[in-house]
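User: I've got a fold open and I'd like to talk through how it is put together. Can you walk me through it?

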Amino acid sequence: MPGFRKRDVLKAGAAGMAMALMPIGARASSYRKPVDRRGAPNLLLITSDDVDWFALGFMTGRKGLTPNLDKLAARSHVFEQVRTVAPICMPSRQAIMSGKLPHRNGGNGFFPMFEGTPTLCSVLDAAQYYCAASHKIGHMQPASSFPWRNSAEGKDRHPLIHAAFLSLAITEAQAQMKPFFVNCNINDPHRPFYGSPVGLAMDNNNQGPFKIPRELGANDVEIPPNLDDLPDVREEHAQYWNSAQRLDIAVGHILDALEASGEAANTIVLFVADHGMPMPFAKATCYDHGIRTPVILNYPGMGAPRRFDNLTTNLDILPTLCDLLGQAPPEGIDGDSWVPMLQGGPSLDRPFVTSFVDYVSNGMHYPMRTLQDRRWAFLVTPWADGGKTKFRAESMFGLTWPAMVERAKNDPAMARRTAQYTEGYPLALYDLRNDPGQRHNLIDAPEHKDRVVRMKKLMLDEMIRTGDPQLENYRRMLAGQAAEVAQNPERYRLRRDD
């Protein structure tokens, strides 16, 4: 059973024996009747690992790939232009939970936030919510900021495991007369993908519940603009979309479990991905396919569902949920609530958003920043030093990156593309409307000189305002000097038991 281990059972047995041996009067006097909080709104937060918006039916209009999410989206508010402030698992999840930028909460890599950082979990625990989470527990740290009453760590992609955990958590919350906050963190479509050799070994050879009803092949997928249409890219993208199908099946089981509990009518449901696809020019970079993360929000009494194309970030999730739950958000956060906008008030539509990369899972320091509006993306890459430093991340595993490298041997355009990914540009400007794959760097184009000057100034102001650790490097770069990026991968590397 999720969240229970043998030593927990033994402890419970010892505690029960101790209670039995206590005098009746002592047991009665020490008992405290729980406060009855039934009727307060519940919260179900569903996250997915590494899902690209291009794979979601409710974002593209594509039918059949994600029917459960599409059905939820049809009766919910959908936010189409949300960007994560960190396109890496741990920093993104900690930013969502704290409402703070990674370099302001201390968790700008695969390490914990500062001790004492308030989170959605700690706020709701103080409000007498029963807080529980399945999977990704190690990516939400320190433990003192996440006082889960029940938690189940794991990387299992069994489509029923989160639904089973949710049912248990709701039952325990009901028994304690508490509202619940349950965070179900689905591991699909993280690598290894559905049907890949490592994925088959991990997922019971895709037998039983691990198998999806309609497996897609290489000819059934569409290749997003950040990738190239090569045979092995198609093969791996089919695996990736099949993993997204299994994510959707897990979401369906979770929503069925919520309905069966009798609590659906009194529960806020929010779905979000931590960041984009684990492919080149996406995860662990500030390219747009790494940072765009659509949100579905459903809550009691919300009225007619709407779609919002407001430019916003996942830092807004914490204050929005606190607002809907009637709780004060922590002080000093970087996000803003969407609730006034949802209730007909002023529209929250930022003129630009920013996203940040510092340390990746292998411990390397690959700082990268983007500042983008609806059309233009300005990227800063302090580690780009003319090819001496080479980018290396888990998005290069599998079939896609080797296929690009092989093609680059005889294709000058692909050679330039692979160099763009591994060597980077210190400064870059991309036209997202006409170049959604961000292939053509316009930083030196004379016709964009004024825009570059303006975006450079906006980036500088934001770095100063937020205390960005790359501020001095950025000032050096603006002055035509080389940035200084120190490496200490052993210190910042993600460990197997993290």
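Analyst: Sure. One definition before we start: two strands pair if DSSP finds at least two bridges between them. Also keep in mind that this is a predicted model.

User: Which strands stand at the edges of the sheet?

Analyst: The open sheet has 8 strands with mixed pairing, in the order 5-4-6-1-7-8-2-9. An edge strand has a single partner strand, so one side of it is left without a neighbour in the sheet. That picks out strand 5 and strand 9 (307–308).

User: In strand 7, what is the bridge partner of Asn42?

Analyst: Strand 1 and strand 7 (residues 267–273) run parallel and are joined by 7 bridges. Within that pairing, Asn42 is bridged to Thr267.

User: What covers the buried residues of helix 8?

Analyst: Helix 8 spans residues 161–175, and its buried residues include Phe165, Leu166, Ala169 and Ala173. Residues three or four places apart in an α-helix point the same way, because there are 3.6 residues a turn. The cover over the buried residues of helix 8 includes strand 1 (42–48), strand 4 (130–134), strand 5 (150–152), strand 6 (180–186) and helix 10 (231–260).

User: Which helix gives the most to the largest nonpolar core?

Analyst: That core has 78 residues, and Leu166, Tyr240 and Trp241 are among those with the most contacts inside it. The helix that gives the most, with 12 residues, is helix 10.

User: And how many residues are in the other core?

Analyst: Another core lies apart from the largest one, and its members include Leu45, Leu124, Val272 and Phe308. Its count is 41 residues.

Methods:
Residues are numbered from 1 along each chain as its sequence is written. This is a predicted model: local features need pLDDT of at least 70, side-chain atom pairs count only at pLDDT 80 or more; totals for chains, interfaces and linings use all residues. Side-chain values use heavy atoms; hydrogens and water are left out. Helices (H or I, at least four residues) and strands (E, at least two) are DSSP runs, numbered from the N terminus. The expected span of a helix is 1.5 Å times one less than its number of residues. Buried means under 20% relative accessible area, exposed over 50%, partly exposed in between (1.4 Å probe, protein chains only). Contact means heavy atoms within 4.5 Å. A nonpolar core is a set of buried Ala, Val, Leu, Ile, Met, Phe, Trp, Tyr and Cys residues joined through side-chain atoms within 4.5 Å.
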